Amino acid sequence: LSYKMHNVLGVVYTSGNLAFTHDDRDLLLSPVGNKVTVFDLKNNKSKTLPFETRSNIDKICLSPDCKVLLMIDVDGYALIVNFVQRVILSHFNFKAPVTAIAFSHDSKFFAVA
């Protein structure tokens, strides 16, 4: 019991926002250090995604169609990930910390501030 609760809270969680899927899968995405862990709330399971940022993740954002995940660390380094196939599509550096990120409602665009 204590292992499950310890895993849910995140061993090395320091910062970052949470994201939920916008479909009926009921998944919770949580940054844990420089990786993202996906919690299946219906089946009580968790899985860590197979990639990481350079430093601790500060912002995550999942597109409304649940296909693209944006991960930005505290230094402004970003990963664009295909959430369905679990592969990195692109990476780039904003060269400064990011304060906000959001997708458009049709999942075609994202804005970063």
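Lys59 lies in strand S5 (residues 57-62). Strands here are DSSP runs of E with at least two residues, numbered from the N terminus. This is a predicted model, in which local features need pLDDT of at least 70, side-chain atom pairs count only at pLDDT 80 or more, and totals for chains, interfaces and linings use all residues. Residues are numbered from 1 along each chain as its sequence is written, and side-chain values use heavy atoms, with hydrogens and water left out.

**Lys59 and its surroundings**

Lys59 counts as buried because its relative accessibility is 18%. Buried means under 20% relative accessible area, exposed means over 50%, and partly exposed is in between (1.4 Å probe, protein chains only). The side chain of Lys59 makes a polar contact with the side chain of Asp58, at 3.4 Å. A polar contact is a pair of N or O atoms within 3.5 Å; within protein, one must be able to donate a hydrogen and the other to accept it, and residues adjacent in sequence count only if both atoms are side-chain atoms. Neighbours within four places in sequence left aside, Lys59 is in contact (heavy atoms within 4.5 Å) with Asn17, Leu70, Met71, Ile72, Val98, Thr99, Ala100 and Ile101.

**The open sheet**

Four strands form an open sheet, ordered S1-S2-S3-S4, with antiparallel pairing. Its edge strands are S1 (19-20) and S4, each pairing on one side only. Two strands pair if DSSP finds at least two bridges between them. S1 and S2 (residues 27-32) run antiparallel and are joined by two bridges. Phe20 has Leu28 in S2 as its bridge partner.

Leu28 also serves as a reference point for Ser46. The C-alpha atoms of these two residues, Ser46 and Leu28, are separated by 9.2 Å, and the residues are 18 apart along the chain. Ser46 lies in strand S4. Ser46 is partly exposed, because its relative accessibility is 34%.

**Positive phi in two loops**

Most residues other than glycine have a negative phi. Asn44 is not a glycine, yet its phi is positive. Lys95 is not a glycine either, and its phi is also positive.

| Residue | Phi | Loop | Relative accessibility |
|---|---|---|---|
| Asn44 | about 55° | between S3 (35-40) and S4 (45-48) | 56%, exposed |
| Lys95 | about 65° | between S8 (87-93) and S9 (101-103) | 74%, exposed |

The loop of Asn44 leads to strand S4, an edge strand of the open sheet.
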